[in-house]
Amino acid sequence: MSSTETPSASRAAQLSSVPEGDARDRGGPAQPMLIVTDLKKHFPIKGGMLNRTQGHVRAVDGVSFNVLKGETLGVVGESGCGKSTLARLLMHLIPHDGGEVLFDGEAIGGVRGLTMKEFRRAMQMVFQDSYSSLNPRLPVEESIAYGPRVHGMSGEKAKELARELLTKVGLKPGLFAQRYPHELSGGQKQRVNIARALALEPRLLILDEAVSALDKSVEAQVLNLLRQLKRHFNLTYVFISHDLDVVQYISDRVLVMYLGEIVEIGPVDAIYDHPKHPYTRALLASRLSFDPAERVHEAPITGDPPNPINPPSGCRFRTRCPMAESICAEASPRLHGAVAAGMHVAACHVQNPGSGHSLAGKAPVLVGKPKAGAAALAATA
Ligand SMILES: Nc1ncnc2c1ncn2[C@@H]1O[C@H](COP(=O)(O)OP(=O)(O)OP(=O)(O)O)[C@@H](O)[C@H]1O
Ligand SMILES: [Mg+2]
């Protein structure tokens with residue numbers, strides 16, 4: 001383990017300790033909340049006269065990682081890289097084409113382990129589009145109370161809970177309980193969505209671009225609310241966002257996706273201060289800066305991501321990578337040891353001393369933002 005990993009690894013160890021007294025914690029504090037192994041989703045593409053399957057979009061293509069109890073795992077990557085598909089797979093909203101997800105050490109929906117109903121209580125999701133996530137015909141109090149009622153709570157109790165949760169998310173029940181979604185602002189609607197997700201006392205929340213549609217000041221309020229609620233309800237978050245600053249603010253660890261695969265995962269400080277993968281470096285370099293000395297004149301990453309129906313051989317980033325060599329087309333780089341908590345690893349041949357890449361084991365790490373986009377990226381090689 002490198003020197004960059006030490007503080008964050010101890011932070012990860014602290015995070016994995018769940019406060020005592022949570023009766024729902026079946027696996028113990030050291031048991032990851034989620035263990036994801038080789039998860040795959042290949043969407044069929046139909047076409048032609050007979051509407052036959054002509055290929056598959058490899059939206060999620062063999063990802064393995066853990067989510068530790070009590071942590072916030074940020075998920076970043078370009079549009080279309082498979083973040084929402086991964087979220088839907090974790091939630092079991094769509095069937096997977098391979099791999100496995102364990103919740104607190106237990107299988108889901110099988111003969112043994114958690115039933116689908118138990119799992120649905122334990123894991124909830126908040127989506128980006130706060131309006132279409134709410135039933136326009138129900139007052140918000142009813143929307144929040146609906147889930148607990150379906151799970152057997154009396155109507156009166158469920159309403160009481162809904163009012164309590166509205167208060168927790170900063171909306172006075174006297175003012176808001178009877179309003180319909182169209183009578184709320186975007187930030188207020190998203191607070192209602194969070195309250196609704198919390199109504200079933202979940203242990204893990206997946207937030208898919210949950211604050212992306214909000215203006216900056218409301219976004220900050222909702223982010224702070226999420227941090228408070230996490231402590232209060234002893235939650236674990238998977239936080240998906242395009243916004244690298246928001247992910248840095250809220251996450252303990254970060255997972256970087258590219259074209260259906262994980263290219264880098266590690267503690268947030270290690271990823272942001274010492275990114276190992278050229279794609280992560282390019283993503284971080286494309287952040288806007290207020291410092292005129294750090295303005296990027298050239299886009300650090302150009303071109304569209306390759307077609308996910310027919311991704312490049314070997315490393316999928318090689319067609320846009322300034323360090324690509326022949327080995328990158330021949331062999332797929334692996335994430336060695338990624339499943340272990342707190343590790344900072346990247347799927348890049350340059351990171352593997354035995355890979356045969358001319359820069360393997362030699363590439364200096366770029367710290368912070370490069371001054372001149374692609375040239376600076378290449379210079380780091
Ligand atoms: N139902 C579907 N059928 C076919 N292809 C799909 C389906 N859903 C998603 N895809 C494809 O899978 C890939 C991943 O999509 P996904 O929505 O997971 O991306 P994303 O990373 O969430 O993007 P964004 O940041 O824009 O939300 C894309 O190429 C998308 O076109
Ligand atoms: Mg998405």
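A residue is called buried here if 20 or more other C-beta atoms lie within 10 Å of its own, exposed if 12 or fewer, and partly exposed in between, with C-beta atoms placed from the backbone. By that criterion, buried residues account for 43% of the 381 residues in the protein chain. The structure is a predicted model, in which local features need pLDDT of at least 70 and side-chain atom pairs count only at pLDDT 80 or more, while totals for chains, interfaces and linings use all residues. Residues are numbered from 1 along each chain as its sequence is written, and chains are lettered from A and ligands numbered from 1 in the order in which they are written.

The protein chain contains 13 helices and 10 strands (DSSP runs, H or I of at least four residues for helices and E of at least two for strands, numbered from the N terminus).

Turning to the interior, the largest nonpolar core (buried Ala, Val, Leu, Ile, Met, Phe, Trp, Tyr and Cys residues joined through C-beta atoms within 7 Å) holds 93 residues, of which Val238 and Ile262 touch the most other members. Strand β2 gives the most to this core, with 6 residues. The core lies between domain 1 (32-47 + 54-251) and domain 2 (274-379), because both give residues to it; the domain bounds come from an automatic or database assignment.

Around ligand 1 there are 13 residues (C-beta atom, placed from the backbone, within 6 Å), and Phe43, Ala59, Ser79, Ser84 and Thr85 come nearest. Both β2 (52-67) and α2 (83-90) supply at least two residues of this shell, with the largest share, 3 residues, coming from α2.
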